[in-house]
Amino acid sequence: MGTRVGIDVGPLHGRRTGIGHAVAALVEALAARSDVEMLPYLLSARARPDGSTRRLPLPAALAHRLWGRVDHPRVDRWMGGAELIHGTNYVVPPSRLPRLVTVYDCWFLLHPDQAHPAVVRAGAVLERALATGAVVHASSAATAAVVEQLFPGVEVHTVVLGSLALPAPAVRCPIPELDGPEFVVSVATLERRKNLPRLVAAFGLLAAERPDLRLVLAGADGDDRVAVDRAIDRLHPDAGHRVLLTGFVDDSTRSWLLHHARVMAYPSLDEGFGFPLLDAMQARVPIVASSAGSIPEVTADAALLVAPTDEVALAGALRRALDDEAERARMIAAGAAQVQQFSWQHTADAMAALYHRLVERRA
């Protein structure tokens, strides 16, 4: 019998975000091992889990309000048999067992005024958990460094994630306006961290010299939609009409966009990992991105990186990625090699070793 881990599978329920896909891939990789036994749990009244998942009998909002202030109720009574609790999405509940909590990025901790109240509550739970001995799993060295800066003395372990299999692209063009013209694509929710108004401004600097080029912002609306609309309104009308907001796209459409884009742009102000970067490498599309957060770790030399606040530099990098065929070929080749470095088997190996270490240390 392997180490018995109570693992939060809440991110697997509802519409899958990047975190949901990450947790699903981790659970699948761990399930193939004989040295880890998972005891899945969730904190949700709406989810419909299977019989193997333990539902904690607490409303999530109430639990987070309590756990941000006190260490009760502990989950031990509902997690019998577990030797360790792993909170996979910033929140790990109080327990007398060793606790591990995964942190992907620290944007909401650095900018609580820009976060939804529910996210702020989760941050309070995280802070209390760390103050009472929880250990952090960081998805990148960049995230680990910020956690160590925000919470001096907290134990942090970096275990990078794997790449997600890119679905087959739609057979036919799923968006009629993109059947023919060249385009730059961004795959990101319209939220402030993704820095999309600056991408729109950089596109404006290129638009006059490229009358057929389009910019595609593929992602659901978020807290920066108004700012994105304003950035588009500031463009010359001809350029503004060539910015396409698709809203949420399904997997086959997202794959089609990446396979047919001339460039993928990813100018985030911060990033804890960045699955779209690895998706772009699989689709063999050149990447222009910012130098913020984990992006340099994930891309290595497979992308052109610029400061996230420099719109002129961003436009220049886009121009080079569009026009320089030798540089395009170099980035595509580098990306094909780089994406091979991100394996969920390696992630599961490192995570299992961390589980064993934390349990053995307590014993």
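The following exercises, each with a worked solution, concern a predicted model.

**Exercise 1. The seven-stranded sheet**

Determine the strand order of the open sheet of seven strands, and state which strands lie at its edges.

*Solution.*
Step 1. Reading across the sheet, the order is β3-β2-β1-β4-β5-β6-β7, and the pairing is parallel.
Step 2. The edge strands are β3 (54-55) and β7, each of which pairs on one side only.
Step 3. Strand β1 (residues 3-8) runs parallel to strand β4 (residues 84-87), and three bridges join them. Within this pair, I7 stands opposite H86 in β4.
Step 4. Helix α1 (residues 18-31) packs on the sheet and touches β1, β2 (36-42) and β4. The direction of α1 makes about 145° with that of β2.

**Exercise 2. Strand β6 and its surroundings**

Identify the residues that point each way from strand β6, and describe how this strand is connected to β5 and β7.

*Solution.*
Step 1. In a regular strand, side chains alternate between the two faces of the sheet.
Step 2. In β6 (residues 135-138), V135 and H137 point one way, while V136 and A138 point the other way. All of these residues are buried.
Step 3. On one pairing, β6 runs parallel to strand β5 (residues 99-103) through four bridges. Here T102 stands opposite H137.
Step 4. On the other pairing, β6 and strand β7 (residues 156-158) are joined in the parallel sense over three bridges. V136 stands opposite V156 of β7.
Step 5. Together with helix α5 (residues 141-150), β6 and β7 make a β-α-β unit, and this unit is right-handed.

**Exercise 3. The buried side of helix α2**

Establish where the buried residues of helix α2 lie around its axis.

*Solution.*
Step 1. The buried residues in α2 (residues 60-67) are A63, H64 and W67.
Step 2. These residues cover an arc of only 95° around the axis, and therefore lie on the same side of α2.
Step 3. The spacing agrees with a general rule: an α-helix has 3.6 residues a turn, so residues three or four places apart point the same way.
Step 4. The cover over the buried residues of α2 includes α4 (117-131).

**Exercise 4. The six-stranded sheet**

Give the order of the six strands in the other open sheet, and explain why one side of each edge strand lacks a neighbour.

*Solution.*
Step 1. The order is β10-β9-β8-β11-β12-β13, with parallel pairing.
Step 2. β10 (243-247) and β13 (303-306) stand at the edges; each has a single partner strand, so one side of each has no neighbour in the sheet.
Step 3. On average, neighbouring strands of this sheet are turned by 20° against each other, direction ignored.
Step 4. Four bridges link strand β12 (residues 287-290) with β13 in the parallel sense. A303 in β13 is the bridge partner of I287.
Step 5. Helix α9 (residues 251-260) packs on the sheet, where it touches β8 (183-187), β9 (214-218) and β11. The direction of α9 makes about 140° with that of β8.
Step 6. Helix α10 lies across β8, β11 and β12, and runs at about 170° to β11.

**Exercise 5. The setting of E271**

Classify E271 as buried or exposed, and list the polar contacts of its side chain with R193 and Y266.

*Solution.*
Step 1. E271 is placed in the loop between β11 (263-266) and α10 (275-283).
Step 2. The relative accessibility of E271 is 6%; because buried means under 20%, E271 counts as buried.
Step 3. The side chain of E271 forms a polar contact of 3.5 Å with that of R193. A polar contact of 3.1 Å joins the side chains of E271 and Y266.
Step 4. Leaving aside residues up to four places away in sequence, E271 touches D105, R193, K194, Y266, G293, S294 and I295.

**Exercise 6. Backbone features in loops**

Locate the cis peptide bond at P73, and compare the settings of Y90 and R284, whose phi values are positive.

*Solution.*
Step 1. The peptide bond from H72 to P73 is cis, with omega near -5°. P73 is placed in the loop between α2 and β4.
Step 2. Y90, a residue other than glycine, has phi near 75°. Its place is in the loop between β4 and β5.
Step 3. At 9% relative accessibility, Y90 counts as buried.
Step 4. R284, also a residue other than glycine, has phi near 60° and lies in the loop between α10 and β12.
Step 5. R284 has a relative accessible area of 49% and is partly exposed, whereas Y90 is buried.

Key
Residues are numbered from 1 along each chain as its sequence is written. This is a predicted model: local features need pLDDT of at least 70, side-chain atom pairs count only at pLDDT 80 or more; totals for chains, interfaces and linings use all residues. Side-chain values use heavy atoms; hydrogens and water are left out. Buried means under 20% relative accessible area, exposed over 50%, partly exposed in between (1.4 Å probe, protein chains only). Helices (H or I, at least four residues) and strands (E, at least two) are DSSP runs, numbered from the N terminus. Two strands pair if DSSP finds at least two bridges between them. A crossover is right-handed if, with the strands pointing away from the viewer, the path from the first strand over the helix to the second runs clockwise. A polar contact is a pair of N or O atoms within 3.5 Å; within protein, one must be able to donate a hydrogen and the other to accept it, and residues adjacent in sequence count only if both atoms are side-chain atoms. Contact means heavy atoms within 4.5 Å. The arc is that of the directions from the helix axis to the C-beta atoms. Axes are lines fitted to C-alpha atoms, for helices over the stretch in contact, and angles run from 0 to 180 degrees between N-to-C directions.
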